[in-house]
Amino acid sequence: MTVTQKESDAFSEFLNEYDFFYVSGHKEPDGDSIASCLGIVEILKHKNKPYQLISCGPFKRSEIMVFEKYFSSEIDTTKLNNPKTALIQVDCSEIERVGADFSDLLKSLPVFIIDHHKTASADPEKSIVYPDSPAASYLVQQLYENLVGKPDEQLAKNLFFGLCTDTGFFRFLNSESQQVFEAAGRLVKQGANPRLTYSEINSGKSFSTRKLLGLMLEKAEQYYDGKLIVTYETLEDTQKLGKNGRDSDSLYNLLLSVEGCEAVLFIRQDTSTTCTAGFRSKDDIDVSKIASKFGGGGHKNASGLSTQGILEELMPKIVKEFGSIFN
């Protein structure tokens, strides 16, 4: 998961080829998606390349609200038909993952992808994809260091924030993660503060998210002799308690801590006809295989999907697919 100089040079050549860039992560951004986009923007600034940083949002998580001001929710369409315009897609490889409001407008543009999801697929000549990387921001950090040099204090803080988000503040890493810790150390040397970053990620939650968390725990059910725990959020739950965000990470952590639990499934009814689902697992349980069967994807131990359907019909179908793992 070391970004090579050859890959860095390929990205640099891509930047030299075009005059304007849209930069986007995935919809419903998390800290890693945001930090990665901000890192790419700093490379574009170094090369004096104009850009528009875009996101479909929403920025509901308390720890990312401060970053919303850097992103545009509407695309500057005056650049779309220019043959010297391109897209840089970060922390996702599928154009649909940037959001329906953007995907139709952007899908015909030349694209360079930087991603770390197991289910990612991209042109190897115009992508940097490492499924074993713990975060996209870790790849962007290396890319910046290869092309520009040491990040300044603010960028170091942003990249550290992204790395901490996707590694669960390093608790998801294993004994083979020496290079990741070395990279984190370089960011700390440049000004990132672990204590303050932990506080930013884990503090400031609204009271309603605590109430919603309790409701999700109350609804949780066990399957396959307790190896799988499933819970869900209805439209009514969202209207009552979920408008100001949710704390899915705490939900996953609490349920995965249950004795015998190896995987967690959380499904939310987003609209009357669409659902999103999140998957988390331990060790060798590969939930990306389940997510991919329903049009989703992600990592071995953390995946998600968005799909047409209603909760009452979708949930038993996904639970049944887990039989391929637990039966």
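Glu-42 and Lys-45 are joined through their side chains by a salt bridge, with 3.2 Å from N to O. A salt bridge here means a side-chain nitrogen of Lys or Arg within 4 Å of a carboxyl oxygen of Asp or Glu. Side chains of opposite charge can pair when their charged atoms come close. The model is predicted: local features need pLDDT of at least 70, side-chain atom pairs count only at pLDDT 80 or more, and totals for chains, interfaces and linings use all residues. Residues are numbered from 1 along each chain as its sequence is written, and side-chain values use heavy atoms, with hydrogens and water left out.

Both partners of this salt bridge belong to helix α2 (residues 31–46), where they are three residues apart, so about one helical turn separates Glu-42 from Lys-45. Helices (H or I, at least four residues) and strands (E, at least two) are DSSP runs, numbered from the N terminus. Glu-42 is partly exposed at 25% relative accessible area, and Lys-45 is also partly exposed, at 42%. Partly exposed lies between buried, under 20% relative accessible area, and exposed, over 50% (1.4 Å probe, protein chains only).

The whole structure contains 10 salt bridges. One of them links Glu-153 and Lys-157, with 3.1 Å from N to O. These two residues are four apart in helix α5 (residues 153–166), and therefore about one helical turn lies between them. Glu-153 has a relative accessibility of 44% and is partly exposed; Lys-157, at 35%, is partly exposed too. Elsewhere, Glu-28, Arg-268 and Asp-270 form one network through salt bridges that share partners.

What does the salt bridge between Glu-145 and Arg-186 tie together? The closest N and O atoms of this pair are 3.0 Å apart. Glu-145 is in helix α4 (residues 136–147) and Arg-186 in helix α6 (residues 178–189), so the pair ties together parts that are 41 residues apart in sequence. Glu-145 is partly exposed at 23%, as is Arg-186 at 35%.

Lys-157 appears again in the lining of the second largest pocket, together with residues including Glu-63, Phe-67, Tyr-70, Phe-161 and Glu-200. To find pockets, a 1 Å grid is laid over the protein atoms alone: a cavity is a set of points where a 1.4 Å probe fits but cannot get out, whereas a pocket is an open set with protein on both sides within 12 Å along at least five of seven lines, and lining residues have an atom within 4 Å of a point. The second largest pocket has a volume of about 290 Å³; grid points are joined across faces, edges and corners, and the volume is the space filled by probe spheres set on the points.

Helix α5 gives the largest share of this lining, four residues. Both α5 and α7 (194–202) supply at least two residues each. The lining of this pocket has five nonpolar, four polar and three charged residues. Ala, Val, Leu, Ile, Met, Phe, Trp, Tyr, Cys and Pro count as nonpolar, Asp, Glu, Lys and Arg as charged, and the others, Gly among them, as polar.

The strands come next. Five of them form an open sheet in the order β2-β1-β3-β4-β5, with parallel pairing. The edge strands, β2 (51–54) and β5 (127–129), each pair on one side only. Two strands pair if DSSP finds at least two bridges between them. Strand β4 (residues 111–115) and β5 are joined in the parallel sense over three bridges, and Asp-115 stands opposite Val-129 in β5.
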